[in-house]
Amino acid sequence: MDVVTIGETMVLFTPITNGPMRYVGQFTRSFGGSESNFAIGLARLGHKVGWISRVGDDEFGRALISFVRGEGVDVSYVSVDESAQTGVFFKEIKTEQNISVYYYRSGSAASRMSPDLIDEDYIKKARYLHISGITPALSDSCYETVHKAIDIAKKHKVQVIFDPNVRRKLWSEERAREVLIELVSRSDIVLPGITEAEFMFGDKGPELLGKKILTLGAKLVVLKVGAKGAYYFTDDHHELVPSIKVQHVVDPVGAGDGFAAGFISGLLDGLTTRESVARGCATGAIVTMYRGDFEGLPTKQELLDFTSDKAV
Ligand code: CKP
Ligand code: MG
């Protein structure tokens, strides 16, 4: 595998019309989960990626596994839990600028992932291990699972990528901050959004935040600043890489995962850091043009068509 990731994917119901969800009677069914969105993004860009997870022994669990497998992601470490259900969530689109998600995931099969799911051999052969801040929020055993995977990655010099993905609905502010900072300090590449970095460190300003994260041990920090693009920071350089403007944002959920997929795909293809950040920005931008969390994730050809620039 080029990359291995770990996390919960849920069945996603989206009302067929916009507005307050209490008035909507019909929904479309899809899927969403930060780590599998990321994995699908990489697979569409031609990379080998594995997703570690757990689903219920139910119809949604079966649908989920075949969907992620069908997208070209390795699911050999997705286990089935006979006594817990696959999680579900709803996405209410009041307006395109006002989107809320409602989780029905507490006690889900994925929240019962435990360290025995982590196989040293599977992780040690990868170039990158990708962790998001959602997984350790799901339960104590998920927290331990993530740390076991990082221990193995560190032992075998597999680079750890961390996307903080702050989800305030899943845990208390204090616990979130404590665990996320701990994970930042165990990672090689950190990919926060600007508001996530502000939340974790209580400071303001990309420069201050980017440098602070470097001092915790990361080699590379990419700080996403929404439609403006993303900064990257290394020990001796930092710069803002602008994004391509999207005319009409339809649904921004999943853009961060798209960014991560595009960025890591750039590194895997041997692009420079700057070019990889630009690919991340373009991938995230394309995702916002489509309804759904993963639907817009582009192939290489679609990326080229979007940027009309062979360098991306
Ligand atoms: O940070 P993003 O908007 O890229 O993440 C979206 C995903 O995993 C979404 O698919 C959802 O299932 C989740 O984040 C979550 O648990 O909130
Ligand atoms: Mg995110």
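Okay, let's start with a pair of strands: β6, residues 88-95, runs antiparallel to β7, and the two are joined over 7 bridges. To pin that down with one pair, look at Phe89, whose bridge partner in β7 is Tyr103. Before I go on, please keep in mind that this is a predicted model.

So what sheet do those two belong to? They sit in an open sheet of 4 strands, in the order β3-β2-β6-β7, with mixed pairing. At the edges you find β3, residues 27-32, and β7, residues 98-104, and each of these pairs on one side only. Neighbouring strands in this sheet are turned against each other by 25 degrees on average, ignoring direction. As a quick reminder, strands of a sheet pair through backbone hydrogen bonds, and that can be parallel or antiparallel.

Now bring in a helix. Helix α2, residues 59-70, lies across β2 (10-15), β3 and β6. Relative to β3, α2 runs at about 60 degrees.

Next, a residue I'd like you to click on: Thr86. Where does Thr86 lie? You'll find Thr86 in the loop between β5 (78-81) and β6. Is Thr86 buried or exposed? Thr86 counts as buried, because its relative accessible area is 8%, and the cut-off for buried is under 20%. Leaving out residues up to four places away in sequence, Thr86 touches Thr9, Val55, Gly56, Asp58, Phe60, Gly61 and Leu64. Two of those names come back when we look at polar atoms. The side chains of Thr86 and Asp58 are joined by a polar contact of 2.7 Å. And a polar atom of the Thr86 side chain lies 3.3 Å from the backbone nitrogen of Gly61. There's also Ala109, which is 23 residues from Thr86 along the chain, yet their C-alpha atoms are separated by 5.6 Å.

Let's move along the chain to some hairpins. Strand β11, residues 220-224, pairs with strand β12, residues 229-234, in the antiparallel sense over 4 bridges. Here Leu223 stands opposite Tyr231 in β12. This hairpin has 4 residues between its strands, and Gly226 takes a positive phi near 60 degrees in it. Then β12 goes on to pair with β13, residues 237-242, again antiparallel, over 6 bridges. How many residues lie between β12 and β13 in their hairpin? There are 2. One bridge to look for there is Gly229 with its partner Pro242 in β13.

Second residue to click on: Ser276, which lies in helix α10, residues 273-287. Ser276 has a relative accessible area of 0%, so we call it buried. Its contacts, again not counting residues up to four places away in sequence, are Gly262, Phe263, Gly266, Leu267 and Leu271. With Leu267 there's a polar detail too: the Ser276 side chain reaches the backbone nitrogen of Leu267 at 3.3 Å.

Last stop, the largest pocket. Its volume is about 1,400 Å³. The lining is made up of 50 residues, and Pro252, Val253, Gly254, Ala255 and Gly256 are the ones nearest the centre. Which elements each supply at least two residues of that lining? They are α1 (34-44), β7, α7 (194-201), α9 (255-268) and α10. Which one gives the most? That's β7, with 5 residues. And that brings us back to the strand we began with, the partner of β6.

Terms used. Residues numbered from 1 in each chain as written. Chains lettered and ligands numbered in written order. Predicted model: local features only at pLDDT ≥ 70, side-chain atom pairs only at ≥ 80, totals over all residues. Heavy atoms only, no water. Pairing = 2+ DSSP bridges. Axes fitted to C-alpha atoms, helices over the stretch in contact; angles between N-to-C directions. Contact = heavy atoms within 4.5 Å. Buried < 20%, exposed > 50% of the residue type's maximum accessible area, 1.4 Å probe, protein only. Polar contact = N/O pair within 3.5 Å; in protein donor to acceptor, adjacent residues only side chain to side chain. 1 Å grid on protein atoms, 1.4 Å probe; cavity = no way out; pocket = protein on both sides within 12 Å on 5 of 7 lines; lining within 4 Å. Points joined across faces, edges and corners; volume = space filled by probe spheres on them.
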